[in-house]
Amino acid sequence: MPGAAHAQDAADDAAGETDIVVSGIRYSLGNSISEKRKNTSIVEVVSAEEIGKLPDVSIAESIARLPGLAAQRVGGRAQSISIRGLSPDFATTLLNGRQQASSGDNRGVEFDQYPSELLSSVVVYKTPDANVSGMGLSGTVDMRTVRPLAFGKRVFAMNVRGEVTSGGKLNSDVKNSGGRVSLSWVGQNEAGTFGWAVGLAYLDAPSQNQHYKTGFYSDPGPGNVRITPVAAADPTVQYGSYMELWGASRTQKRKAAIAILEWQPNDKVHSTLDLYYSRFEQRETTRGAQWYSMPRWSGDQIFTNVGLTSIGGTSLATSGTVDHIRPQLRNDYNTRDDSLFSVGLNNEFGITDRLTFTADLSYSRNKRDESITETYAGFGVGAAGSETNGTVTWNNLPMFSGEFPTYTPSLNYSDASQVALGDRAGWGHDGATKEPHVTERVYALDFGMRYEMDGGFFRQFDVGVNYTRREKEKRVDEFDLFLKNGRAQVLVGSQYLVSPVNLGFVGFTGNVLSVDLPKALPIYYDKSVYIDNGTFDKAWGIGEDVLTGRVRASFEAGNMSGNLGLQVVNVRQESSGSAINNITPPRVVTPVNVSSSYTDFLPSLNLTYNLGDHHQLRFGVARVVARPRMDQMRASFIPSFPRSPCAVSITNPNPCPVGGVTGALWGGDGGNAKLQPWRAWSFDASYTFFIDRTSYLSVAGYYKSLQSYIYTKREAFDFTGLPIPTGSFVSVGNPNGLPLGSVIGTTPTPGVITVLPFGQINQPANGNGGWIRGVEVSGALGFGKIVPALDGFGVLGSISITGSNLHPTASTNPTTVQATRIAGLSGTVWSLTGYFEQGGFQARASYRHRSAFKGEVTQLFAQRGATEILAEGQLDAQIGYTFQPGSSLEGLGLLFQVNNVTDSPYRTRQGTDGDGAKSADGTFLPEIIDKFGRQFLFGFSYKF
């Protein structure tokens, strides 16, 4: 919901011009350029075209089009945002200037929890403002709602859209159509002293995911006679040994509401109350098949008619037939519920005409409850291992073109009389359920004073203090599923079946038997609690107390203006977790609580120089930080105590011969509750030519010198307090072993091995840094400025080129290829939008491209991990008409949108950095290809 102040600023900036932009795309663009021009920091802005209407389906899509920003797709929709090549963990997200809690495992906010219909604008800070606490290292995203008194008029608006995805249903019991509705009401009393804004938004969005994955590339081994032709048994040939193909259907339902109350009885008192709530529910049904076809290790599989394709100098098996396949058929069902609540109260009190006191109180809570369930089935009924073998013919395996391979099975895996529930891969259970639970709370209290000077170089002084308390807890409840009656394989009753999943996109004739899992689960399965070391390792709590003192001086002299600021940030962090000692049964779990503190001094300078004729130079210098990831700060660790061929004692602290184990016996893996943040110096410069209200050209460069970087390091660790394992340890002097003792002192006991309480652990640590640098070119141009006949046509876009060089370990040779790549860094990101707007008609097409990058995703066992996401681009288009003043339908608008017009695939490759399967010339081999289809929306808006 756009604020009237922005529109007034746009008019002021273009004083003397005869054309006045009052609505639509150019209104939004004018507001964005105005904010970009007047802000003291280097910022990017997206603004609503009218009340309740941002230009994209989601706020993440809108932000992703800004210069230097890129979105990562999850389930086909933009969710997380990277700023200038840094992962979401390096950015801070605000709502009306206040930090937001995240339902993710770490700090990154998932933007699809915020309806675009309820936001008026988003401001992305690329250089810090000392007046804003909690600024990010890469940038800060501030989502803003309307201010009713500044809006200055009463408006009611409604948006309704229907939605459908292309390609039909993959799973017959999950719809592929939905819709969204939003209502907004802004008003003020007659005196203009009290204002209100209320917004409601409902989303029911479908998603279809055609999924294929291959991996575990291996050679067949020399002389493998089970492969024909014989040439295909050449050990240099690579086979994809793992196949995974399924159709996933998802529904997303979000209910969101905002309420804003604003009171300003006079020019001395101004209070604003912001409330936001959203409930986001996701349901995902996944069905398909997976199997291993391993020519080197599977003794009973026979490969025939193998066809080869040369990929980077290596022959890859891309077609053929494999016999003796036993697919593990999958019926999975996942649920996720997110609940987000935020409240903030801001008060301003004018003490004198120049002195103002501010007080802001806020609270944000985000809670996530998730359930991930998978079950197994196969062809044939009988004892484990007696299943019927099948044959599969495949072709077009590499997927480099972005297209799916095809498979033709010999058996009908949708035959309810032949397909039975039960484990077919020897995994020891017939299904599993993982239930992550995450809760985060953010409390903040901010006090500030602003003093305005009467002339001189310094125009305003701001001082303040902010206290923020952040708490986050996570645990993962885990269960194994076992078939009833002693795990006897069983056919599924017809009342628990639905139409087979549609796997036609990979040519899987007959498809796969589909079970209504929510109904069938309690009928066929027993649920057993599963506990291992990871159960305790994934249960942790983090608490942070952040106290920030700040001062900022704003100055102006001639054509130069800006601000100079300093923040002093003291952080006290505490972490709770467990020491999970499973060296000798039974497992011993010891609570661990660790705390630490540190202080950072963060100076900042923002400088603007107006060259005249709408030309502007900007400079920014700042020291910036990003606090560590939450999962890296967990206090949990898992010790190990190997029975080595030699042992440490006081009398013989280094007894091991060459090749033996040296040093202490203790080892382990875990988190690091004493981590300090990423720290960097940031340098920014930009030149902007503000051509007119809706046109500009900007060139910007930036350089970030990272002073530290967090990486996994093996370092010394104190294991004091853990019970020492019993048993005997062999030493060089006593090959028959000695009884284990725990004598530690200056006078060792003869004949007793002393186990010291120190060792080494693999854990996150603060290492050396490096640099990130890049250049951005962005702009917008209304063609009517050049050719009057083209009034209404325009274009806007940007391109960003980013590079990095990071060496967190001292041993890394700086002349070699960098050993560390930052998650989220794409070397090239660009977007281009063309539009037409005239006489109520609107049309636009937008394309955004992102080169390959290392992204964080949810992997096996609900764990977060990194993967290499290949280059992708997405084209969106829309057309609409708004009835003009004088029409009986004034205020009514019609809109038709198509998102992902080209059905752009999501693809990954093997490995992330230098690891992964490669061809002879270093070309990485493919792993995943997902397609989500096109999204069609049609609807209307009405405003009065």
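This is a short dialogue on reading a pocket and a strand in a predicted model.

Colleague: What should I know about the numbering and the model?
Modeller: Residues are numbered from 1 along each chain as its sequence is written. The model is predicted, local features need pLDDT of at least 70, side-chain atom pairs count only at pLDDT 80 or more, and totals for chains, interfaces and linings use all residues.

Colleague: How is empty space found, and what volume has the second largest pocket?
Modeller: Rolling a probe the size of a water molecule over the atoms shows where empty space is left. A pocket is an open set of points on a 1 Å grid where a 1.4 Å probe fits, with protein on both sides within 12 Å along at least five of seven lines. Here the second largest pocket has a volume of about 1,700 Å³. Lining residues have an atom within 4 Å of a point. There are 48 of them, and the closest to the pocket centre are N96, G97, R144, N346 and E348.

Colleague: Which strand gives the most to that lining?
Modeller: Strands are DSSP runs of E, at least two residues long. Strand β20 (residues 431-452) gives the most, with six residues.

Colleague: How many residues of β26 are buried?
Modeller: Buried means under 20% relative accessible area, with a 1.4 Å probe and protein chains only. In β26 (residues 540-557), 13 of 18 residues are buried.

Colleague: Which strand joins β26 over 17 bridges?
Modeller: Two strands pair if DSSP finds at least two bridges between them. Strand β27 (residues 560-581) runs antiparallel to β26, and S554 stands opposite N563 in β27. The two form a hairpin with two residues between them, and G558 in the turn has a positive phi of about 65°. β26 also pairs with β21 (residues 458-483) in the antiparallel sense over 16 bridges, where F461 stands opposite A553 in β26.

Methods. Heavy atoms only, no water. Points joined across faces, edges and corners; volume = space filled by probe spheres on them. Helix = DSSP H or I, 4+ residues; strand = E, 2+ residues; numbered from the N terminus. Buried < 20%, exposed > 50% of the residue type's maximum accessible area, 1.4 Å probe, protein only.
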